[in-house]
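Reader: Hey, got a minute to walk me through this model? I'd like the overall picture before I get into details.
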Amino acid sequence: MDSAPFSCGFAIIIGPPNAGKSTLLNELLDFKLSIVTPKPQTTRKKITGIYHNNQCQIIFLDTPGIMKPQQKLHESMLSIIRDTLKDADVVIALLPFSGKKDLFDREFAEELFTSWLNPAGKPVIAVLNKCDLVTKERQAEAEEIIKKSWNPAAILSVSALKGLNLQQLVDATRPFLPMHQPLYPEDTLSTAPERFFVSEIIREKIFLLYGREVPYSTEVVIDEFKEQHEDDPTRKDLIRCSVIVERETQKQILIGSKGAALKKLGQTARKDIEEMLGRPVFLELFIKVRPDWRKNQNYLKSYGY
Ligand SMILES: Nc1nc2c(ncn2[C@@H]2O[C@H](COP(=O)(O)OP(=O)(O)OP(=O)(O)O)[C@@H](O)[C@H]2O)c(=O)[nH]1
Ligand SMILES: [Mg+2]
């Protein structure tokens, strides 16, 4: 038995779009909880993922990437980040290596530290992600720049994708958590319901299968989630979803020629949903046009923003 006091608290993962925040959360949990795509602005809401070991429980909070807002949806995403920051005991400021001469985006880092992190007054662990893209010397160089410029409480380089230095990140996070008994049972991975992750999987597949504006103009709403297997194990669960787009042309793109694209979306999403739930499902997708939903406060509210 470990007699050290137990720590438990909240760690926000914050950074620019595409930094690898969701990849990091998944690697820390060793479970694909948060959706990941090569496109920026994949995550739109707070994703809670709970990490357990015998010394601490860390409730990691994955957030949308910080960007310049271009519409109401972006403003809602920024409010989600601000609210999540208030809940955090410690901040993991994730800055990706660019793999280029400039090492990382200093302008963004300056903005992050001065406008977001200094006013919040929380301890900050600066984490340079994607260290697989640079040499050890370049990592040390970037860490030195960050230390001198913004003086975070701790600093390290990791690769979320390759799983490098993640134990060090857990060890660096623990001292900033309050001494507290675990808030959740050890088998709890998240606080969000299954239906939320179902809608996220469908969004991920839309990001992966479609180009240009389509993924950004799309939202997924679960209309019905009938857990039929509990009464009768031979019956599949029924999941009915609305895929919301902004324009009729986007609807046509989603459906594709003779419905082929929509069929593919349904099949790929269903495969991952079944894997996550551990049981077979019927998945029905209905495409609906809601003109300019990303700019409309009422629509945004009804979609949980
Ligand atoms: N080379 C490399 N790529 C990475 C690493 N971590 C994440 N990526 C890639 O970066 C891309 C973005 O990853 P995400 O985890 O979706 O990034 P995010 O910060 O959650 O992005 P948003 O949700 O859009 O804000 C994906 O293609 C990942 O595979 C890493 O350590 N090294
Ligand atoms: Mg993300």
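Author: Here is a quick tour, from the overall fold down to single residues.

Author: Up front, this is a predicted model: local features need pLDDT of at least 70, side-chain atom pairs count only at pLDDT 80 or more, and totals for chains, interfaces and linings use all residues. Residues are numbered from 1 along each chain as its sequence is written, while chains are lettered from A and ligands numbered from 1 in the order in which they are written.

Reader: Fine. How many helices and strands are there in the protein?

Author: There are 9 helices and 9 strands. Those are DSSP runs numbered from the N terminus, helices being H or I with at least four residues and strands being E with at least two.

Reader: And what's the radius of gyration?

Author: The protein has 20 Å, which agrees with the value near 19 Å for a compact globule of 305 residues. That radius is taken over C-alpha atoms, and the globule rule is 2.2 Å times the number of residues to the power 0.38. Along the principal axes, the C-alpha atoms fill a box of roughly 60 × 45 × 35 Å.

Reader: How much of it counts as buried?

Author: 37% of the 305 residues. Buried means 20 or more other C-beta atoms within 10 Å of the residue's own, exposed means 12 or fewer, and partly exposed is in between, with C-beta atoms placed from the backbone.

Reader: What about contacts, what share join residues at least 24 apart?

Author: 68%, among contacts between residues at least 6 apart in sequence. A contact here is two C-beta atoms, placed from the backbone, within 7 Å.

Reader: OK, packing. Which residues have the most contacts inside the largest nonpolar core?

Author: Val91 and Ala93, in a core of 45 residues. A nonpolar core is a set of buried Ala, Val, Leu, Ile, Met, Phe, Trp, Tyr and Cys residues joined through C-beta atoms within 7 Å. The elements giving two or more residues to this core include β1 (7-14), α1 (21-29), β4 (90-96), α3 (106-120) and α4 (136-150). There is also a second, separate core of 22 residues, which includes Ile206, Val243, Ile273 and Val281.

Reader: Tell me about alanine 93. What is it in contact with?

Author: Leaving aside neighbours within four places in sequence, alanine 93 contacts Ile14, Gly15, Leu112, Leu117, Val124, Ile125, Ala126, Val127 and Pro152. Alanine 93 lies in strand β4 and is buried, with 23 other C-beta atoms within 10 Å. Alanine 93 and isoleucine 12 are 81 residues apart in sequence, but 8.2 Å apart in space, C-alpha to C-alpha.

Reader: And valine 90, buried or exposed?

Author: Valine 90 is buried, because 21 other C-beta atoms lie within 10 Å. Valine 90 is also in β4. Not counting residues up to four places away in sequence, valine 90 touches Gly9, Ala11, Lys122, Pro123, Ile125, Thr173, Phe176 and Leu177. Its C-alpha is 7.1 Å from that of leucine 177, and the two are 87 residues apart in sequence.

Reader: Switching to the ligand. Which residues are the closest to ligand 1?

Author: Gly20, Ser22, Thr43, Gly65 and Leu161, out of 23 residues that surround ligand 1. A residue belongs there if its C-beta atom, placed from the backbone, lies within 6 Å. The largest share of the shell, 3 residues, comes from α1.

Reader: How do the shell residues divide by type?

Author: 9 nonpolar, 11 polar and 3 charged. Ala, Val, Leu, Ile, Met, Phe, Trp, Tyr, Cys and Pro count as nonpolar, Asp, Glu, Lys and Arg as charged, and the others, Gly among them, as polar.

Reader: Backbone oddities next. What's up with phi at asparagine 151?

Author: Asparagine 151 has a positive phi of about 45° although it is not a glycine. It lies in the loop between α4 and β6 (154-157), and counts as exposed because it has 11 C-beta neighbours inside 10 Å.

Reader: Where does leucine 103 lie?

Author: In the loop between β4 and α3. Leucine 103 has a positive phi too, about 65°. With 19 C-beta neighbours inside 10 Å, leucine 103 counts as partly exposed.

Reader: Last one: which residues is lysine 226 in contact with?

Author: Asp237 and Leu238, leaving aside neighbours within four places in sequence. Lysine 226 lies in strand β7 (residues 219-226) and is partly exposed, with 14 other C-beta atoms within 10 Å.
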